[in-house]
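Subject: Structure handover and notes

Hi,

Here is the structure I promised to pass on. Have a look at it first, and then read my notes below.

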Amino acid sequence: MAPTPVGAGYWILDAYSGDIYTYGDAVSYGQPADTFAYSGGADTWPNAIAIVATSDGKGYWVLEEGLSGLGSVQAFGDAVSYGDETTVAHGTAHVGKPIAIAATHDGKGYWIIDSDGGVFSFGDAVFYGSMGGKRLNASVVGVAVTPDGNGYWLVGSDGGVFSFGRAVFGGSMANTVLAKPVVGIAANSSGTGYWLAGADGGVFALGGAPFLGSLGGQHLDRPVFAISAVPPPID
């Protein structure tokens, strides 16, 4: 799911079919399901991983994992493709799987995040570091970018948080017994903290992020798979 810039709507991406559903003020600019990548049999379709909107909300990027296991990006609306994992040379074996994409503040670049903590930057996205090649207790499952775009946090399924650039470490849930694995991270608008979400709907507020409630302890028909926050205003 990706929110619109003013938080009055959102897009939901179907991971299997590549369909995109719009709600509120979100406008459809096309969808992977209608592209050549989905023209063959279902067993050849890529897995749609994540969607992120451009800064003006007039387009979006969709991250996919193809049969190669590399992350590819499709751009719609005013979103511009700046490349992806299939277009860069890999000097070493590609270890992780693509799990998230995050856009720069001006919408002229993006980062692709892999499950091993690898970070790949495209366009004007600056590489501030990664956990690629380092020992992790759990796979990385999400990324959140600071409001000014000068840093980012990665989160593992065990609740471990890794900060890079100007992203300030505000704590983690590592070494804490969790009812369900953590599935994502979202930064607050001031960049002083962040929320972690568990698959059971539990929410953990860390740093300067306030706790606003959660679904932890309630019966859910299906697990939660992501968390999102309203984007900060554009300067």
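Let me start towards the end of the chain: L212 is exposed, with a relative accessible area of 70%. You'll find L212 in the segment after β15. If you measure from L212 to V224, 12 residues further apart along the chain, the C-alpha atoms are separated by 17 Å. One caveat before you read on: this is a predicted model, and every value here was computed from it.

**The sheet just before that segment**

β15 belongs to an open sheet of three strands, ordered β13-β14-β15 with antiparallel pairing. The edges are β13 and β15 (203-207), each of which pairs on one side only. Going from neighbour to neighbour, the strands of this sheet are turned by 20° on average, direction ignored.

The pairings themselves are easy to trace. β13 and β14 are antiparallel, with five bridges, and β14 (residues 193-198) is likewise joined to β15 by five bridges, again antiparallel. W195 is a handy residue to click on here: A186 stands opposite W195 on the β13 side, and A205 stands opposite W195 in β15.

The hairpin of β13 and β14 has five residues between the strands, and within the hairpin G191 takes a positive phi near 75°. As for β13, six of its six residues are buried, so the strand counts as mostly covered.

**The other three-stranded sheet**

There is a second open sheet for you to look at, with three strands in the order β10-β11-β12 and antiparallel pairing. Its edge strands are β10 (140-145) and β12 (161-165), each pairing on one side only. The twist from one strand to the next averages 20°. Between β11 (residues 151-156) and β12, the antiparallel pairing runs over five bridges. One of the residue pairs to look for is V155 with V161, its bridge partner in β12.

**A loop residue with positive phi**

Between β12 and β13 (182-187) there is a loop, and N175 lies in it. Its phi is worth checking in your viewer: N175 has a positive value near 65° although it is not a glycine. Most residues other than glycine have a negative phi. Is N175 buried or exposed? Its relative accessibility is 84%, and the cut-off for exposed is over 50%, so N175 counts as exposed.

**Two buried strand residues**

V119 lies in strand β9 (residues 119-123). Its relative accessibility is 8%, which is under the 20% limit, so V119 counts as buried. Leaving out neighbours within four places in sequence, V119 is in contact with W111, I112, I113, F127, G129, S130, Y152 and L154. For G129, there is a distance as well: V119 and G129 are 10 residues apart in sequence, and their C-alpha atoms are 7.2 Å apart in space.

The other one is S72, placed in strand β6 (residues 71-77). At 18% relative accessibility, S72 falls under 20% and therefore counts as buried. Not counting residues up to four places away in sequence, S72 touches V62, L63, E64, D84 and T86.

**The largest pocket**

I kept this one for last, as you may want to open it in your own tools. How much space lies in the largest pocket? It comes to about 1,200 Å³. The lining is made up of 46 residues, and the closest to the centre of the pocket are I51, V52, I101, V143 and S228.

Which strands supply the lining? At least two residues each come from β1 (2-3), β4 (47-53), β7 (98-103), β10 and β13. Of these, β4 gives the most to the lining, with six residues. Two names on that list come from the sheets above: β10 is an edge strand of one, and β13 is an edge strand of the other.

By residue type, the lining divides into 34 nonpolar and 12 polar residues, with no charged ones.

That's the tour. Shout if anything looks odd when you load the model.

Cheers

Terms used. Residues are numbered from 1 along each chain as its sequence is written. This is a predicted model: local features need pLDDT of at least 70, side-chain atom pairs count only at pLDDT 80 or more; totals for chains, interfaces and linings use all residues. Side-chain values use heavy atoms; hydrogens and water are left out. Two strands pair if DSSP finds at least two bridges between them. Helices (H or I, at least four residues) and strands (E, at least two) are DSSP runs, numbered from the N terminus. Axes are lines fitted to C-alpha atoms, for helices over the stretch in contact, and angles run from 0 to 180 degrees between N-to-C directions. Buried means under 20% relative accessible area, exposed over 50%, partly exposed in between (1.4 Å probe, protein chains only). Contact means heavy atoms within 4.5 Å. On a 1 Å grid over the protein atoms alone, a cavity is a set of points where a 1.4 Å probe fits but cannot get out, and a pocket is an open set with protein on both sides within 12 Å along at least five of seven lines; lining residues have an atom within 4 Å of a point. Grid points are joined across faces, edges and corners, and a volume is the space filled by probe spheres set on the points. Ala, Val, Leu, Ile, Met, Phe, Trp, Tyr, Cys and Pro count as nonpolar, Asp, Glu, Lys and Arg as charged, and the others, Gly among them, as polar.
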